[in-house]
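Me: I should like to learn how to read the packing features of a model such as this one. Could we take them in turn?

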Amino acid sequence: MDLIFFDLDGTLLDKSSQISTFTRETLGLLSEKDIAFTVATGRTMHSAQFVLEGQSFVLPHIYNNGVAIWDPTGNALTLENLLAPSEVNLIVEYAVKNNITPFINTVNLESPEHEHIIYYSTPKHLIERNLIDKYFSRTKARLAPIEELPAAAHITNISMIGDATLVYDIYQQLNNHDELIAYSGPAIEGDEYRWMDVHHKLASKGSAVELLRKQLGASNVICFGDSDNDLSMFELADEAYAPANAKPYIKEAATSVIGHHDEDGIARFLRERFSL
């Protein structure tokens, strides 16, 4: 059994963070041939579901770089390797010290819809306010003041955006802590800004992919990705493919390099690979 895992941003999605018509039709052809596929993304559940709306991904989804696995059958959500209070305090301390707003992503497991609540302090910069107005407002996430963060909150990750040099410096410092792993990259608003997501070190797409491989009985795992957080699943995949826009070391780790994400590279490869 072939089992395909798609990263979203920079991979399955185009530069507008959408699934193109051609890619959408290709996924439909995969379904018609009973070829199993799902997503493995750094996005939160509600952020990912916003871009996947209207497309049928029937197998369990991997969110938050492996922290969350959601099964559409029965709406079951499991969380692993959440951030501990001491780790949260450390990350927030780095952010506050550098005058950056931390966005603390939580999931309310008691809510029927697994409510996503983002706790944050008052935005200090325009790019942070834009993140709220142009990004968070498009999802079902609820925003709340950081002062209301419950002691027992299920914290999946903490995200930030800001001056590229400053964020990269924090990224390097946080990755020196054994219990944490941070991912960062240029913001779509311009190279002068960077985004960053921080998770528990044990959380990874790879561990979640391996869990689903065993659960679904897959004999051949195929992964598509373009960035740092995809390396863990590339390492265990039977086939790993990087789009032309991927980072150089991701291309080196891949089985092969295929077309650019904004030119339907993944969809075109799949049509040839599976004779769709």
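Reply: Let us begin with the aromatic rings. In this predicted model, ring pairs link Phe6, Phe37, Phe57, Phe224, Tyr241 and Phe269 into a cluster.

Me: How many aromatic pairs does the structure hold?

Reply: There are 10 aromatic pairs. To classify a pair, one reads the angle between the ring planes, and an angle over 60 degrees counts as edge-to-face. For Phe224 and Phe269 the centres are 5.9 Å apart and the planes stand at 70°, so this pair is edge-to-face. Phe224 belongs to strand E12 (residues 220–224) and Phe269 to helix H10 (residues 265–273), so the pair ties together parts that are 45 residues apart in sequence.

Me: Are Phe224 and Phe269 buried or exposed?

Reply: Both Phe224 and Phe269 are buried.

Me: Which residues have the most contacts inside the largest nonpolar core?

Reply: They are Ile4, Phe6, Leu30, Phe224 and Leu270, in a core of 30 residues. Helix H3 (residues 45–52) gives the most to this core, with four residues. A second, separate core of 23 residues includes Ile117, Met160, Val167 and Val198.

Me: How should the sheet be read, and which strands stand at its edges?

Reply: One reads the strand order and then the direction of pairing. Here five strands form an open sheet, ordered E2-E1-E12-E13-E14, with parallel pairing. Strands E2 (36–39) and E14 (256–258) are at the edges; each has a single partner strand, so one side of each is left without a neighbour in the sheet. On average, neighbouring strands of this sheet are turned by 25° against each other, direction ignored.

Note on methods: Residues are numbered from 1 along each chain as its sequence is written. This is a predicted model: local features need pLDDT of at least 70, side-chain atom pairs count only at pLDDT 80 or more; totals for chains, interfaces and linings use all residues. Side-chain values use heavy atoms; hydrogens and water are left out. A nonpolar core is a set of buried Ala, Val, Leu, Ile, Met, Phe, Trp, Tyr and Cys residues joined through side-chain atoms within 4.5 Å. Buried means under 20% relative accessible area, exposed over 50%, partly exposed in between (1.4 Å probe, protein chains only). Helices (H or I, at least four residues) and strands (E, at least two) are DSSP runs, numbered from the N terminus. Two strands pair if DSSP finds at least two bridges between them. Axes are lines fitted to C-alpha atoms, for helices over the stretch in contact, and angles run from 0 to 180 degrees between N-to-C directions. Rings of Phe, Tyr and Trp (its six-membered ring) pair if their centres lie within 6.5 Å; planes under 30 degrees apart count as stacked, over 60 as edge-to-face and the rest as tilted.
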